[in-house]
Amino acid sequence: MAIKIHDPHDRLFRNFLADISKAKVFLETYLQDNIKKQCDFSTLSFKPNSFVEKDLKHHFSDILYSVKIAGTEGYIYTLIEHETTLHKLTPFKLLRYQIAIMKQHLDQDHQTLPIVIPLLFYRGKKSPYPFTTDILDCFENKELAQEIFLKPYPLIDITVIPDDELRQHKGIAILELVQKNIHRRDALEFIGDIALQLARQLLTHEQFQSLLYYISQEGESKNFEQFYLTLADALPNYREDIMTLAQQLEHRGLQQGLQQGLQQGLQQGRHEEDLVIAKRMLNMGADLNFIKKATGLSDQDLLNLEV
C-alpha cells in the first residue's frame, strides 16, 4: 500500500528511517539488549505500510520493518507520537497496530503469528513522557486485567464431559446435551431430557420451540415422524406446538423436493433439446468437435446418436 505523506513530521521520519543504514543505528540504539541480540539486522528491510488511522495522522506516524528474530520472520514497529496532545491509551493503539501487522502476515499465507516488536518515539512538549507504556495500566481494574488479559482462555469442551454431569447444569443442561450429541444419537433419545427440563420449568416456550426446530433441522433419526408423535405423547401440553412444527417442516421438505424435481426436469429438457439439435447437425455433416462445442454434449452422447 503506497503511503501519501501529508504531515512534515511524517515526511521527516520516513526520509530518515526508510534509509536502512540509519534504521540500523536507530534500532541498535534503542532496542532492549536481550531483544537486540536476537535480531539479525542483515535481514532488515523497510515496509512501506502504515497502520495509523487517517484521522490520527496528525498525531502519529509509524515505521514498519521486517527482520529475522530468533531465526523466524518478524517485525519491528515504531509508533511516533509527534503532537502535543497526549494519548494515555497509546499502549492500546500500539496493540491494535501490532494485531493488524499480524493479520497482514497471516493474509500472506503464513500459518503462525509473527513476533512484532513495538517501539514508541515521543517528541511532545511535556517532559518526561507522562503516561504508561504498560497496557495493563489502561484498564480500570489492573489487578483483574493481570489475571485475564492475554492469558490462556477457559475451554468449554462438552465433547469430553459425561452426559450425567451435563444434566446437573440446570437450565443449560438440554442445550449442552443436544449440542454434544446432535450427530451422535437418534433424536428420539433426547425426548426424556427435554421432558425433564420442561417438568422442572427450566425452558421457556420460545426456548422449547427453538430447541425442537434445531433438532429437526440438524439432528438425525431413523424416524422423525415417530420422534414428533412420541414427544407429543410425552408432552401433551405442547402437542399443538410439536405437531404444528412437524407440519411446517414436512411442507418445507415437500417444497424443496418439488423445486429439485422442477430443476432436474428443466435440465433433462435442455439435454433432450441439445440431442435433437446435435442429431440435425450430424445429418448435415457437421464436424463432431464443432457439435460438441455448440451443444455441450459429451463424446458418449454423440456416439449414441451415431449408432
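**Exercise 1. The contact of H9 with H10**

Task: In this predicted model, determine which residues of H9 meet which residues of H10, and classify the residues of the contact as nonpolar, polar or charged.

Solution.
Step 1. On the H9 side, the participants are Phe-208, Leu-212, Ile-215 and Ser-216. On the H10 side, they are Phe-224, Phe-227, Tyr-228 and Leu-231.
Step 2. Sorting the residues of this contact gives seven nonpolar, one polar and no charged. Ser counts as polar under the classification used, as it is not listed among the nonpolar or charged types.

**Exercise 2. The geometry of the helix pair**

Task: Describe how helix H9 and helix H10 pack, giving the angle and the distance between their axes.

Solution.
Step 1. Two packed helices are described by the angle between their axes and the distance between those axes.
Step 2. Helix H9 covers residues 205-218 and helix H10 covers residues 224-234. Their axes are 12 Å apart and form an angle of about 160 degrees.
Step 3. Angles over 145 degrees count as roughly antiparallel; H9 is therefore roughly antiparallel to H10.
Step 4. The crossing in which H9 passes H10 is right-handed.

**Exercise 3. Backbone exceptions in loops**

Task: Locate Ala-70, Leu-150 and Pro-128, and state what is notable in the backbone at Ala-70, at Leu-150 and at the bond between Ser-127 and Pro-128.

Solution.
Step 1. As background, most residues other than glycine have a negative phi, and most peptide bonds are trans.
Step 2. Ala-70 belongs to the loop between strand E2 (60-69) and strand E3 (72-81). Although Ala-70 is not a glycine, its phi is positive, at about 55 degrees. Its relative accessible area is 52%; exposed means over 50%, so Ala-70 is exposed.
Step 3. Leu-150 is placed in the loop between H5 and helix H6 (163-166). Leu-150 also has a positive phi, near 55 degrees, and is a residue other than glycine. With a relative accessibility of 68%, Leu-150 counts as exposed.
Step 4. Pro-128 sits in the loop between strand E4 (115-122) and helix H5 (142-148). The peptide bond joining Ser-127 and Pro-128 is cis, with omega about -5 degrees.

**Exercise 4. The chain as a whole**

Task: State how many helices and strands the chain has, and what share of its residues counts as buried.

Solution.
Step 1. The chain has 13 helices and four strands.
Step 2. The chain has 307 residues, of which 32% count as buried.
Step 3. The exposed area of the chain is about 20100 Å², and carbon and sulfur atoms supply 54% of that area.
Step 4. Of the contacts between residues at least 6 apart in sequence, 55% join residues at least 24 apart.

Conventions
Residues are numbered from 1 along each chain as its sequence is written. This is a predicted model: local features need pLDDT of at least 70, side-chain atom pairs count only at pLDDT 80 or more; totals for chains, interfaces and linings use all residues. Side-chain values use heavy atoms; hydrogens and water are left out. Helices (H or I, at least four residues) and strands (E, at least two) are DSSP runs, numbered from the N terminus. Buried means under 20% relative accessible area, exposed over 50%, partly exposed in between (1.4 Å probe, protein chains only). Contact means heavy atoms within 4.5 Å. Accessible areas come from the Shrake-Rupley method with a 1.4 Å probe; for residues, only the protein chains shown count as cover. Axes are lines fitted to C-alpha atoms, for helices over the stretch in contact, and angles run from 0 to 180 degrees between N-to-C directions. Angles under 35 degrees count as roughly parallel, over 145 as roughly antiparallel, 65 to 115 as roughly perpendicular and the rest as oblique. A crossing is left-handed if the near helix is turned anticlockwise from the far one by less than a right angle, and right-handed if clockwise.
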